[in-house]
Amino acid sequence: MVKDAYQGFAERYDLFHGKFGEHKPVYRVFFQKVFVENKIHSVLDCACGTGHDMHLFYSLGCEVIGSDISASMLTRARKNLKSLGVNIPLHKVDYRALHKNFKRKFDAVTCLSSSILHMPDKKEVIRAFLSMQRVLRENGILIITQGTTDKQWKVKPRFILNSSMKEFTRLFAIDYLERGARYNILDIRHDKQKPELKVWSVDYAQILLKDDYSKLLQLAGYRKIRFYGSYKFEPYNKKESDLLICVARK
Ligand SMILES: C[S@@+](CC[C@H](N)C(=O)[O-])C[C@H]1O[C@@H](n2cnc3c(N)ncnc32)[C@H](O)[C@@H]1O
């Protein structure tokens with residue numbers, strides 16, 4: 001059995017997002033516009049994690065299905081959705097095998113927040129992109145997002161402050177490797193008498209950047225590949241962007 005990489009972190013994962021069911025207006029508007037422009041009514045969130053984006057898509061009126069390889073993340077997603085009385089079908093599926101598990105097509109497939117970086121090499125990334133493509137309808141779209149950008153890869157900052165609140169801090173201490181990176185996620189709770197530190201690490205065997213996505217998505221048969229550097233639709237800029245968003249059409 002393959003080890004659940006998110007076991008032990010799923011419970012704390014939600015601290016990336018804030019309160020379940022609340023979405024930043026700029027983030028909400030981004031997806032709303034993309035969905036309206038592309039006539040998106042059904043979405044498969046194929047690395048759905050704890051379910052925040054599924055809730056957003058559902059609240060935008062879409063039919064939503066979620067899948068993920070991690071049982072612990074799916075358990076958390078189920079709990080989160082139930083807390084708001086939202087019923088979304090969830091499946092434990094590797095995103096390289098979507099076509100074997102879903103016999104229907106979707107208007108959009110989403111693979112958000114660096115989820116594709118879990119692939120060990122480019123061959124496996126192409127396998128995943130092909131599988132995502134096979135469950136998309138003609139002209140359907142694949143949406144990918146990640147925080148690691150060309151700028152970050154060039155500058156290689158050791159520390160990135162992810163969250164800074166009165167009682168909680170989340171800090172990334174990043175080890176850059178030749179092709180990949182290890183994100184050590186340091187969570188500090190300072191609301192108690194004695195501060196509490198918890199560390200969890202995620203390994204990305206290879207970091208994919210804009211040119212990699214262009215090449216690999218084309219190889220997998222996608223076209224009209226668009227890149228944005230922010231949820232305000234600013235064009236992606238290799239020197240400046242702190243976010244990489246990719247929208248590719250089947
Ligand atoms: C950084 S989390 C992102 C979760 C969610 N998309 C979000 O934005 O909060 C990465 C997710 O990718 C999932 N994942 C990793 N490899 C996968 C695979 N081969 N198939 C499906 N999901 C995978 C993990 O289990 C995890 O839930």
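**Helix H8.** I began with helix H8, residues 210-219, and found that Tyr213, Ser214, Leu216 and Leu217 are buried there, keeping in mind that this is a predicted model. I then looked up what surrounds these positions, and the buried residues of H8 pack against helix H6 (122-134) and against three strands, namely E5 (136-146), E10 (223-228) and E11 (244-249). After H8 comes Gly221, and I noted that its phi is positive, near 95°.

**Domains.** I turned next to the domain assignment of the protein chain, which gives domain 1 as 10-149 + 208-249 and domain 2 as 151-204. The C-alpha centres of domain 1 and domain 2 lie 23 Å apart, and the contact takes 18 residues from domain 1 and 15 residues from domain 2. For the buried area I noted about 1,400 Å² between domain 1 and domain 2, with 51% of it on carbon and sulfur atoms. Of the area that domain 1 buries against domain 2, Arg12, Leu15 and Phe16 supply 43%, more than any other three residues.

I also looked up the polar side of this contact, where the count between domain 1 and domain 2 is two salt bridges and eight residue pairs in polar contact. I recorded a salt bridge between the side chains of Arg12 and Asp187, at 2.6 Å from N to O.

**Cysteines.** My search of the whole structure for disulfides found zero. Cys46 is in no disulfide, and the nearest cysteine sulfur, that of Cys111, is 4.1 Å away, whereas a disulfide would need the two sulfur atoms within 2.5 Å. Cys46 is buried, with a relative accessible area of 1%. Cys246 is likewise in no disulfide, the nearest cysteine sulfur being that of Cys111 at 11 Å, and Cys246 is buried with a relative accessible area of 0%.

Terms used. Residues are numbered from 1 along each chain as its sequence is written. This is a predicted model: local features need pLDDT of at least 70, side-chain atom pairs count only at pLDDT 80 or more; totals for chains, interfaces and linings use all residues. Side-chain values use heavy atoms; hydrogens and water are left out. Buried means under 20% relative accessible area, exposed over 50%, partly exposed in between (1.4 Å probe, protein chains only). Helices (H or I, at least four residues) and strands (E, at least two) are DSSP runs, numbered from the N terminus. Contact means heavy atoms within 4.5 Å. Domain bounds come from an automatic or database domain assignment. Buried area is the accessible area (1.4 Å probe) that two parts lose on being put together, summed over both. A salt bridge is a side-chain nitrogen of Lys or Arg within 4 Å of a carboxyl oxygen of Asp or Glu. A polar contact is a pair of N or O atoms within 3.5 Å; within protein, one must be able to donate a hydrogen and the other to accept it, and residues adjacent in sequence count only if both atoms are side-chain atoms.
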